[in-house]
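Subject: Structure for your review

Dear colleague,

Please find below the structure that I am handing over to you. My findings follow directly after it.

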Amino acid sequence: MAKEKMIDITVRMDDGSTKVFTEPSGISVSDIAKKTFKEKSSKYVGARSAGKLRELTRKLSSSCELEFITLDSVIGFDMYKRSLILLMLSAVDNLTEQKEGEYLVDVMYSLGKGFFCVINNHKDGGKLEITEEFAASIKAEMDRMVEADMKIEKKSVNTEDAIAEFSSRGMYDKAELFKYRRTSKTNMYMLDGYSDYFYGYMLPSTGYIKSYDIVPYADGLVLIIPDRKTLKCAPYTAPEKLYNVLRKSEDWGSALGITNVGKLNSVIAKGGMNNLMLVQEALMEKQIAEIADRIKDDGKQIVLIAGPSSSGKTTFSNRLSIQLQAHGLHPHPIAMDNFFKERSETPVDENGKYDFESLDAMDLELFNDSMARLLKGENVEIPTFDFLVGKKMFDGNYLKMENSDVLVVEGIHALNPASTESLPKDACFKIYISALTQLNIDEHNRISTTDTRLLRRIVRDARTRGNDAQRTISMWPSVRAGEEKNIFPFQEEADTMINSALIYELSAIKQFVEPLLFSVPQDSEEYYEAKRLLKFLDYFLGIDVQMVPINSLLREFIGGGCFKV
């Protein structure tokens with residue numbers, strides 16, 4: 001009788017210590033978690049090993065080291081959100097099984113602390129009306145499945161078979177996407193008789209999903225997700241202005257015939273990218289021209305622009321200024337960063353480091369006084385902040401407004417009412433800009449707006465600041481925390497929102513960012529994020545960027561533009 005093969009599993013604990021288990025080959029990651037953490041094992045949802053992520057259901061066949069992932073980590077919470085979507089899809093499939101038609105959920109985009117979804121009837125092209133009662137029935141079915149702690153199972157199938165299954169079930173977005181996949185096998189996840197493809201790993205069972213809600217909104221529903229740290233859902237209020245700009249971008253994508261990556265790849269493969277690029281840029285210019293129209297017609301004297309990192313604020317400000325000039329106005333760009341407090345007055349964060357993203361880091365008294373005096377027609381000296389010495393410099397940069405002059409102010413706090421409390425509201429026009437990706441991988445796999453901005457920033461930081469991808473990825477959590485605190489809460493204060501995402505940009509940026517991501521060391525904390533982004537980019541066909549216009553927002557990141565950035 002053959003002797004059972006034994007393997008050594010080394011578990012790296014949070015405090016840096018290790019535990020070693022000698023176990024039979026074939027033991028699961030979940031079993032190791034239970035042996036290591038006993039009754040606390042349920043807080044762990046996966047593990048990292050030799051530069052790869054491992055689901056709890058993974059069977060171990062050789063000796064290795066494991067570092068477990070908690071549910072409240074970024075990676076763990078992504079698994080939670082993915083599994084939550086699968087749970088909702090399975091619940092809707094159960095509820096619509098007896099209804100006449102072929103109902104499929106489209107997970108459209110992030111809307112505040114939730115995902116906006118619509119339920120389409122692919123048989124007649126209509127949408128299923130989401131009443132309060134039906135939303136409650138979806139939630140009740142999800143609750144039932146969570147209470148039953150149903151397994152989320154994974155199977156590997158031939159890609160050709162997966163394409164055939166997608167087509168037979170009306171999942172045409174997935175079928176088209178997989179025409180451009182180079183892998184012969186595809187992982188499918190199954191829950192309660194429902195199977196689907198997901199980009200990324202899953203939780204092992206529904207019992208791990210504790211908090212969520214379903215509310216009707218517009219012509220669909222919002223799947224509410226909990227806070228990552230507390231895993232509790234807050235009362236939901238839909239950001240209406242954000243929804244409107246997302247819906248407009250969705251309509252543009254539909255008009256162009258491109259709503260997902262598969263359709264984009266088909267356009268590239270058929271040689272239609274040049275026309276698509278020109279139309280997309282024309283739509284962007286049309287948006288900017290319409291904003292300039294409003295500013296002139298309403299007699300606004302101060303334009304305030306805010307948005308998260310890598311949203312294209314600088315290029316947008318320049319393009320808006322050109323449009324304002326075309327309307328007979330004279331724009332004057334002003335950076336709020338020049339109104340920082342002196343370094344000695346700058347607040348510090350909980351780690352004792354200067355918190356430059358805090359509102360308290362701004363000399364709001366001077367900013368408000370300077371803007372108010374300019375509006376009165378006074379001659380005002382505008383400072384330039386010297387970041388090396390940490391002081392404002394007054395070196396003779398005077399400005400006096402004439403009748404047709406407009407101040408174009410850019411800064412992360414520009415939409416915060418506290419920044420402009422001394423200024424007349426009827427003189428201000430507030431703009432929120434962000435890369436609100438209107439493209440999805442397929443019906444059920446979103447492209448995160450955050451991912452688009454991170455990829456933009458990796459390329460720009462490498463080109464203009466000498467930062468490698470590892471450093472940019474390491475800084476991203478603190479950047480995101482600052483946005484959550486200082487930018488997103490005030491986005492609904494805007495008079496208008498502009499979506500800076502370009503339908504073709506990820507196919508263009510792919511060739512610049514992939515070499516940078518491949519350079520991230522395997523033994524670094526940032527390697528897992530770099531690998532995830534590389535896998536994500538593999539869905540896209542690349543394009544030649546020579547035809548990207550020199551005034552495109554994309555040029556702010558890949559270079560070769562006509563504006564100084």
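I begin with the surroundings of R319. Leaving aside neighbours within four places in sequence, R319 is in contact with E281, M284, E285 and I288, and also with N551, S552, L553 and F563. Please bear in mind that this is a predicted model. R319 belongs to helix α9, which spans residues 313-326. With a relative accessibility of 3%, R319 counts as buried, because the limit for that class is under 20%.

The next residues lie in the loop between β16 and α10. Y354 is found in this loop, which lies between β16 (330-335) and α10 (364-375). In contrast to the buried R319, Y354 is partly exposed, with a relative accessible area of 43%. Together with V348 and F356, Y354 makes a nonpolar surface patch of about 280 Å².

D363 is also placed in the loop between β16 and α10. Not counting residues up to four places away in sequence, D363 touches F339, F340, K341 and K392. A distance of 25 Å separates the C-alpha atoms of D363 and G312, and these two residues are 51 apart along the chain.

I turn now to the sheets. As a general point, the strands of a sheet pair through backbone hydrogen bonds, in either a parallel or an antiparallel manner.

One open sheet consists of five strands in the order β2-β1-β7-β4-β5, and its pairing is mixed. Its edge strands are β2 (18-24) and β5 (52-55), each of which pairs on one side only. From one strand to the next, the twist averages 35 degrees. Within this sheet, β1 (residues 6-12) and β7 (residues 64-70) run parallel and are joined by three bridges. I9 has C64 in β7 as its bridge partner. Helix α1 (residues 29-37) lies across β1, β2, β4 (44-49), β5 and β7, and runs at about 75 degrees to β7.

A further open sheet has three strands in the order β10-β11-β12, with antiparallel pairing. β10 (153-158) and β12 (194-196) stand at its edges; each has a single partner strand, so one side of each is left without a neighbour in the sheet. On average, and with direction ignored, neighbouring strands of this sheet are turned by 30 degrees against each other. Three bridges support the antiparallel pairing of β11 (residues 185-191) with β12, and Y189 stands opposite D196 in β12. Helix α2 (residues 74-96) lies across β11 and β12, running at about 135 degrees to β12.

Finally, there is a hairpin to report. Strands β13 (residues 213-217) and β14 (residues 220-224) run antiparallel and are joined by five bridges. Y217 stands opposite G220 in β14. Two residues lie between the strands of this hairpin, and A218 takes a positive phi near 50 degrees there.

When you open the model, you may wish to view R319 in α9, then Y354 in the loop between β16 and α10, and then the sheets and the hairpin in the order given above.

With kind regards

Terms used:
Residues numbered from 1 in each chain as written. Predicted model: local features only at pLDDT ≥ 70, side-chain atom pairs only at ≥ 80, totals over all residues. Heavy atoms only, no water. Patch = residues over 30% accessible without salt bridge, like charges linked within 9 Å, V, L, I, M, F, W, Y side chains within 5 Å. Areas by Shrake-Rupley, 256 points an atom, 1.4 Å probe, with all protein chains shown as cover. Salt bridge = Lys/Arg side-chain N within 4 Å of Asp/Glu carboxyl O. Helix = DSSP H or I, 4+ residues; strand = E, 2+ residues; numbered from the N terminus. Buried < 20%, exposed > 50% of the residue type's maximum accessible area, 1.4 Å probe, protein only. Pairing = 2+ DSSP bridges. Axes fitted to C-alpha atoms, helices over the stretch in contact; angles between N-to-C directions. Contact = heavy atoms within 4.5 Å.
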